[in-house]
Each structure stands twice: as structure tokens, then as C-alpha cells.
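Biologist: Hi, have you got a minute to walk me through this one? I'd like to begin with the ligand site.

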Amino acid sequence: MKNKIVDIYCFTGTGNTYLAAKKIADTLKADGYAANVKNMTSSEPNKIDLSHTIGIGFTVAFWNTFPAVKDFINNLPNGKGADVFVFTTMGDSSLKAAANFGCILKNKGYNVIGAQGFLMPNNFIAVQKKEKNILKIEKAYKKIELFAKQLIDGNAKPCKTNLFSKICFAIADFITNRWRGKIFQKIVRFGLNKDKCTQCRLCYEICPAKNIQVEYNYPVFSGMKCQLCMRCISYCPTHAIKSFLLRKTYTGLSIEEMKKWNS
Ligand SMILES: Cc1cc2nc3c(=O)[nH]c(=O)nc-3n(C[C@H](O)[C@H](O)[C@H](O)COP(=O)(O)O)c2cc1C
């Protein structure tokens, strides 16, 4: 890496991508780099410092990602050759989403020094048991550490994609665009069990899309801005938020860690 200062912009729904970003930052710091993990949702893409190395990490959603991440990437300035690396976390398969976004960044004038996806616990529908998730994170940490070391040595794989993944990516891009997202939100439909809700307002505080309003002390899910990131339903301390589609939920961080990340 040309530059010893690294800014990692991260979008995380339930915590996995933050854990990956922190692992990369810690590995870089151990080698004398200054690495900061920044919250993508509170960062302005047009104000990023191109004299630093840029990292971009996000959740894979429907073999693509959330609209907020796409907006951030689309609104980045021309890279003028700045080094950038891309990483994603996924539950099963991303069909090379990291590499495909790497190609977008390359076309925007960035020098893509690495693009990789990491298997982490699934936070959507197919949520596994805690023990399996712990093992998955341990395995991922080893790969993430290796990726960070490869970035340092200049051996990380640059964006590599293929025709099949490009076609899948284009289809996934089509179905994850805003108005189609509304269809998914209608299917997932978050509701509230008022008997369980303690009116703590945590969901309202931590929603990265500011989609939740509080009316008469209870949260209301409008659906219009929801990214389907799973944060509200997963972090609700009393499991008061429900969806007929989501029987199990997953959290990668503690409630306090998530509050801190979101503040
Ligand atoms: C709406 C939604 C769609 C998802 N789609 C995919 C997918 O296409 N492929 C995959 O491997 N994982 C998928 N996942 C699982 C997440 O990518 C995975 O659990 C990720 O590590 C969560 O990261 P986060 O906690 O940082 O948000 C999806 C999750 C959500 C919420």
C-alpha cells in the first residue's frame, strides 16, 4: 500500500461487516499503519481524502448490496488513481459482489488493490445456531487477517470477475433498486408486538436508514426508507419486532457496541 493512512468506510446491518473492518484495521495497525473504521451512513462520499488508502466494506444483500451502499459508491469522486480495497461479508454466496463493485471503482478512476468477500454468519432467514456462527467468525477472521497482510505486501487479489458473475450482478442490481426493494419490504413486513415492546426506542435510535418513527411511544415502520438490513428486528432486547418470514435473528455485536457504532 502506497499510503500508511487508511480510511475504511463500512456499512454493517447486524455487525459482521464492522467486525471484518475492525479486524482489517487491527491487522494494519499492528504493522504500523494508521487505520480508522468509519460509518458509511454518516460519511460524505464527496469528502473522502484521496491522499489516504480507502477501504470500502459492506453487507452482501441479494448478491448485491443495499441502496445506501450503492449511493455511497456512486457518489464517490473520481479516484485519480487512489488506492482502494473492497470487502464484503456474506452468509452463503455473493457471486463475486466485491469484485464487481471493484470494477465499478476501477471505472471511477481508483486503483483497486484488493477485492474479497468473507463468509460470516447469515443474518437473514437461514440464521444458524450460535456455536456454528462462532466457528464461522473464527474461520473468517483468519481469512480477513490474511487479506489485510496481502494488502500490506501488495499481493491481494485485484478485482477479478467473470461473465457469469457479471450477468448475475446486473440482474441482482436490477432487483435491489429502490422500488423493487419495496416489494421485498412488503414480503418481509415488520410488525410490532405491543405486549412485548418496552418503548425503549432502541430500534428508532439504531436504524441506519432513519426509517422508524415513534408514535405514541411505539415504533412505526414506514417501510419507505427501510434497507432490510435486519438491525431493528435483530437487536430488539425483548424480541418485540416480528416478521412472519424471520423466525430467528442474529447479532454480531452487543447492544452497547451497536449503539456506539451508530452514534
Ligand atoms: C436482505 C438480505 C439479503 C441477503 N442476501 C445475501 C446473499 O445474496 N448472499 C449471501 O451470501 N448472504 C446474504 N445475506 C446475508 C448477509 O450478507 C450476511 O449475513 C452478512 O454477513 C451480514 O453482514 P452485516 O451484519 O454486516 O450486515 C443477506 C442478508 C440480508 C439482510
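Biologist: How many residues of the shell around the ligand are nonpolar, polar or charged?
Modeller: The shell around the ligand has 11 nonpolar residues, 14 polar ones and one that is charged. Keep in mind that this is a predicted model.

Biologist: Thanks! Which residues are closest to the ligand?
Modeller: Those are G13, N16, T17, M90 and F124, out of 26 residues that surround the ligand.

Biologist: And which helix and strand each supply at least two residues of that shell?
Modeller: Helix 1, residues 16-30, and strand 4, residues 83-90.

Biologist: Where does the ligand lie with respect to the domains?
Modeller: The ligand lies between domain 1 (5-172) and domain 2 (181-262), because both of them give residues to the shell.

Biologist: OK, let's stay with the domains. What separates their centres, in Å?
Modeller: The centres of domain 1 and domain 2 are 24 Å apart, taken over C-alpha atoms. The contact takes 19 residues from domain 1 and 19 residues from domain 2.

Biologist: Which elements give two or more residues to the domain 1 side of that contact?
Modeller: Helix 1 and helix 2, the latter spanning 67-74. Helix 1 gives the most to that side, with three residues.

Biologist: What's the make-up of that side by class?
Modeller: On the side of domain 1 that touches domain 2 there are 10 nonpolar and nine polar residues, and no charged ones.

Biologist: Switching to the strands now. In what order do the five strands of the open sheet come?
Modeller: The order is 2-1-3-4-5, and the pairing is parallel. Strand 2 (34-39) and strand 5 (111-119) stand at the edges with a single partner strand each, so one side of each has no neighbour in the sheet. From one strand to the next, the twist averages 15 degrees.

Biologist: Strand 4 came up at the ligand too. How many bridges does it share with strand 3?
Modeller: Six, with strand 3 (residues 53-59) and strand 4 paired in the parallel sense. T59 stands opposite T89 in strand 4.

Biologist: Nice. And strands 7 and 8, do they run parallel or antiparallel?
Modeller: Antiparallel: four bridges join strand 7 (residues 212-215) to strand 8 (residues 218-221). One of the pairings has V214 with P219 in strand 8 as its bridge partner.

Biologist: What do those two strands form, and how many residues lie between them?
Modeller: They form a hairpin with two residues between the strands. In the turn, Y216 has a positive phi of about 50 degrees.

Biologist: Last topic, the whole chain. How many helices and strands are there?
Modeller: The protein has nine helices and nine strands.

Biologist: And what radius of gyration does it have, against a compact globule?
Modeller: The protein has 18 Å; a compact globule with 263 residues would have a value near 18 Å, so the two agree. Along the principal axes, the C-alpha atoms fill a box of roughly 55 × 35 × 35 Å.

Definitions and conventions. Residues numbered from 1 in each chain as written. Predicted model: local features only at pLDDT ≥ 70, side-chain atom pairs only at ≥ 80, totals over all residues. Near = placed C-beta within 6 Å. Nonpolar A, V, L, I, M, F, W, Y, C, P; charged D, E, K, R; others polar. Domains from an automatic or database assignment. Pairing = 2+ DSSP bridges. Axes fitted to C-alpha atoms, helices over the stretch in contact; angles between N-to-C directions. Contact = placed C-beta atoms within 7 Å. Rg over C-alpha atoms; globule rule 2.2 N^0.38 Å.
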